[in-house]
Amino acid sequence: ARGRALFIGCGGAVALRQFASVYPGIQLDLVEREAAVVELAREWFALGEVPGLRVQVADGAAFLASAAPASWDVVVVDAFDADDVSSPLLTPALFADVRRALRQGGALAFNVIGTLERAGVVGQLVRDLSREFSAVRIVPVVDAKESFSASVLRNVVVVARRAG
């Protein structure tokens, strides 16, 4: 029952295309702060062909701060590119705004690049999200041939659910 999703960050629009494919008819909202990224995604990654997509060029944190309550079933934050705990997308205020903007039972997926060590961005993100959300989970992106290590810098998706 996923009717509406918000994406903060565009990149190559891979996740947007996947959502449109897996959830036919879903309404997708994209907020990307860099107009050039949106134009490149349209030119090179068929962003304009994603069904049900509305695009807004704006700061993601500011957009969420002014969003109406219970607007989305899913919020995906994919606008983070370094193990940097000072990112404006890693603030308790943003997490409270996401929680408010999600419908009951909604979910947040936050893609970061970091290690699985507690002192890094992933550990801080999990601690902060646990204050606003239930069922916080870590999903590290691991290559099948890789020898796993918690200290390796990698993509990690942190998923959290807003209790009903």
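Two residues are in contact when they have heavy atoms within 4.5 Å of each other. This is a predicted model, in which local features need pLDDT of at least 70, side-chain atom pairs count only at pLDDT 80 or more, and totals for chains, interfaces and linings use all residues. Residues are numbered from 1 along each chain as its sequence is written, and side-chain values use heavy atoms, with hydrogens and water left out.

**Exercise 1. Describe the surroundings of Asp 128.**

Step 1: find the element. Asp 128 belongs to helix α5; helices (H or I, at least four residues) and strands (E, at least two) are DSSP runs, numbered from the N terminus.

Step 2: list its contacts. Leaving aside residues up to four places away in sequence, Asp 128 touches Leu 90 and Phe 95.

Step 3: look at the side chain. It makes a polar contact with the side chain of Arg 131 at 2.5 Å. A polar contact is a pair of N or O atoms within 3.5 Å; within protein, one must be able to donate a hydrogen and the other to accept it, and residues adjacent in sequence count only if both atoms are side-chain atoms.

Step 4: decide on burial. Asp 128 has 9% relative accessibility, so it counts as buried (buried means under 20% relative accessible area, exposed over 50%, partly exposed in between, with a 1.4 Å probe and protein chains only).

**Exercise 2. Trace the sheet, starting from strand β1.**

Step 1: place β1. Of the 5 residues of β1 (residues 4-8), 4 are buried, so this strand is largely enclosed by the rest of the structure.

Step 2: find its neighbours. Strands pair if DSSP finds at least two bridges between them. β1 pairs with β2 (residues 27-32) in the parallel sense over 5 bridges, where Ala 5 has Leu 28 as its bridge partner. With β4 (residues 72-77), β1 has parallel pairing over 4 bridges, and Ile 8 stands opposite Val 77.

Step 3: write down the order. The open sheet has 7 strands in the order β3-β2-β1-β4-β5-β7-β6, with mixed pairing. Its edge strands, each pairing on one side only, are β3 (53-57) and β6 (134-140).

Step 4: add a helix. Helix α2 (residues 35-45) lies across β2 and β3, and runs at about 150 degrees to β3; axes are lines fitted to C-alpha atoms, for helices over the stretch in contact, and angles run from 0 to 180 degrees between N-to-C directions.

**Exercise 3. Which residues does Phe 110 touch?**

Step 1: locate it. Phe 110 sits in strand β5, and its relative accessibility is 0%, so it counts as buried.

Step 2: name the partners. Not counting residues up to four places away in sequence, Phe 110 touches Val 77, Leu 89, Leu 90, Leu 94, Phe 95, Leu 125, Val 156, Val 157 and Val 158.

Step 3: check one partner along the chain. Phe 110 and Val 77 are 33 residues apart in the chain, while their C-alpha atoms are separated by 4.7 Å.

**Exercise 4. Examine the phi angles of Ala 46 and Ala 135.**

Step 1: recall the background. Most residues other than glycine have a negative phi.

Step 2: take Ala 46. In the loop between α2 and β3, Ala 46 has a positive phi near 55 degrees. At 26% relative accessibility, Ala 46 counts as partly exposed.

Step 3: take Ala 135. This residue of strand β6 has a positive phi of about 50 degrees. Ala 135 is partly exposed, at 32% relative accessibility.
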